[in-house]
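This report describes a structure for a first-year student. Look at the sequence and the model first, then read the sections in order.

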Amino acid sequence: MSTVFQRTTVEIRGASSPPPIIAPAKPNGPAAAAILAAGIGCFALGVLVIASEAIPAFKNALSVYAPVGPLSGKTIAQIVIYFVAWGGLAYAWHGKSVAFGKVYLATLILVALGLLGTFPLVYEAFTAS
Amino acid sequence: MALTDRELWTVIHGMLLGALFLLAFAGGLAGLYSLRWELVTPSGLRERLPRLEIGTSVMAIVAWLTVITGTWIVYPWYRAAVPTSPRSMLLADPARALWHTFGMEWKEHVAWMAPLLATAVAFVVIYYGPRLAQEPKVRQALMALFVIAFAAAAVAGLFGAFINKVAPTI
């Protein structure tokens with residue numbers, strides 16, 4: 001009877017040791033474009049919600065499909081703005097690297113403003129009397 | 001035991017897609033958190049990356065399907081201009097009107113942020129591939145956006161469940 005011991009290699013890595021090259025670096029422009037476009041889309045929705053509350057004629061115009069009401073126009077406009085923004089930014093930043101921290105901060109601000117704009121207690125303050 | 005067409009679509013919109021979204025979020029967040037070069041070997045990275053790409057993509061697709069079915073299929077039944085629609089019944093009762101004036105009004109808008117943010121996360125995960133393990137700032141940004149997407153969907157999902165309990169779409 002014999003016993004076979006298998007050799008095991010243990011790799012010890014610390015956070016301070018230099019990272020191995022797992023994959024080549026990529027320009028961050030396309031990623032930044034996708035993230036910022038999402039922020040622009042969220043912000044656009046907030047603006048559309050407030051504008052539809054403040055301007056009754058605009059609210060009526062947003063009702064492109066009567067069973068859904070103004071929400072139909074708001075969401076269609078938001079999606080169009082989102083994809084146009086994404087396409088434009090992706091074109092402008094194709095193959096380039098940008099200041100990712102600034103883009104990310106701008107995205108967070110846009111998303112926060114969008115969240116505020118879609119919160120009933122906020123947009124109702126703009127409701128036309 | 002049977003479901004009407006409206007009940008079936010409400011189940012698809014709220015429970016089926018909602019459960020998928022929850023599962024995809026939990027898996028995606030755990031995958032993003034642990035995708036660090038100091039935690040995974042190159043072979044481990046190759047093993048878990050496809051799972052992360054699929055998880056985040058499924059979450060984005062499910063988020064789109066949820067808001068599209070909710071807005072364009074279920075919502076018209078909810079807001080139909082008849083006395084028996086959930087919206088009419090809620091507004092007719094001052095004790096329950098807030099479910100519409102606050103709950104539904106918030107839900108119908110905030111939900112539309114989730115697919116945009118989830119799509120951005122899925123795109124960046126696929127774009128970077130294994131390199132994401134060496135881009136900590138990008139990875140942390142994705143986790144934050146992923147959580148915001150989930151929070152927006154959670155607000156919408158919770159209000160949807162409560163409103164459907166108070167005034168069911170049947």
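A salt bridge is a side-chain nitrogen of Lys or Arg within 4 Å of a carboxyl oxygen of Asp or Glu. By that rule, the side chains of Asp93(B) and Arg96(B) form a salt bridge, with 3.1 Å from N to O.

## Basis of the model

This is a predicted model, in which local features need pLDDT of at least 70, side-chain atom pairs count only at pLDDT 80 or more, and totals for chains, interfaces and linings use all residues. Residues are numbered from 1 along each chain as its sequence is written, chains are lettered from A and ligands numbered from 1 in the order in which they are written, and side-chain values use heavy atoms, with hydrogens and water left out.

## Chain A

Chain A has five helices and zero strands. Here helices (H or I, at least four residues) and strands (E, at least two) are DSSP runs, numbered from the N terminus. Starting at the N terminus, the order of elements in chain A is α-α-α-α-α.

Of the 129 residues in chain A, 39% are buried. A residue is buried under 20% relative accessible area, exposed over 50%, and partly exposed in between (1.4 Å probe, protein chains only). About 7300 Å² of chain A is exposed, and carbon and sulfur atoms supply 69% of that area. Such accessible areas come from the Shrake-Rupley method with a 1.4 Å probe; for residues, only the protein chains shown count as cover. Contact means heavy atoms within 4.5 Å. Taking the contacts in chain A between residues at least 6 apart in sequence, 75% join residues at least 24 apart.

## Two residues of chain A

Ile40(A) belongs to helix H1 (residues 29-54) of chain A. Its relative accessible area is 25%, so Ile40(A) is partly exposed. Leaving aside residues up to four places away in sequence, Ile40(A) touches Ile81(A), Ala85(A), Leu89(A) and Leu110(A). From C-alpha to C-alpha, Ile40(A) and Ala61(A) are 22 Å apart in space, with their positions 21 residues apart in sequence.

Pro24(A) sits in the segment before H1 of chain A. With a relative accessible area of 65%, Pro24(A) is exposed. Pro24(A) and Phe83(A) are 59 residues apart along the chain, and their C-alpha atoms are separated by 29 Å.

## Chain B

Chain B contains six helices and zero strands, and along the sequence its pattern is α-α-α-α-α-α. Measured out along the principal axes is a box of roughly 60 × 30 × 20 Å, which the C-alpha atoms of chain B fill.

Chain B has 170 residues, of which 48% count as buried. The exposed area of chain B is about 7800 Å², with 72% supplied by carbon and sulfur atoms. Contacts in chain B between residues at least 6 apart in sequence join residues at least 24 apart in 76% of cases.

## Salt bridges in chain B

Side chains of opposite charge can pair when their charged atoms come close. Over all chains, the structure holds four salt bridges. The one between Asp93(B) and Arg96(B) joins two partly exposed residues: Asp93(B) has 25% relative accessibility, and Arg96(B) has a relative accessible area of 26%.

Arg51(B) and Glu47(B) also meet through their side chains in a salt bridge, at 2.9 Å from N to O. Arg51(B) and Glu47(B) are about one helical turn apart because they are four residues apart in helix H2 (residues 42-78) of chain B. Arg51(B) counts as exposed at 52% relative accessibility, while Glu47(B) is partly exposed at 49%. Another salt bridge links the side chains of Arg131(B) and Glu135(B), at 3.3 Å from N to O. Arg131(B) and Glu135(B) are both buried.

## Where the chains meet

How many residues does the contact take from chain A and from chain B? It takes 53 residues from chain A and 40 residues from chain B. About 4000 Å² is buried between chain A and chain B, and carbon and sulfur atoms give 75% of this area. Buried area is the accessible area (1.4 Å probe) that two parts lose on being put together, summed over both. Between chain A and chain B there are zero salt bridges.
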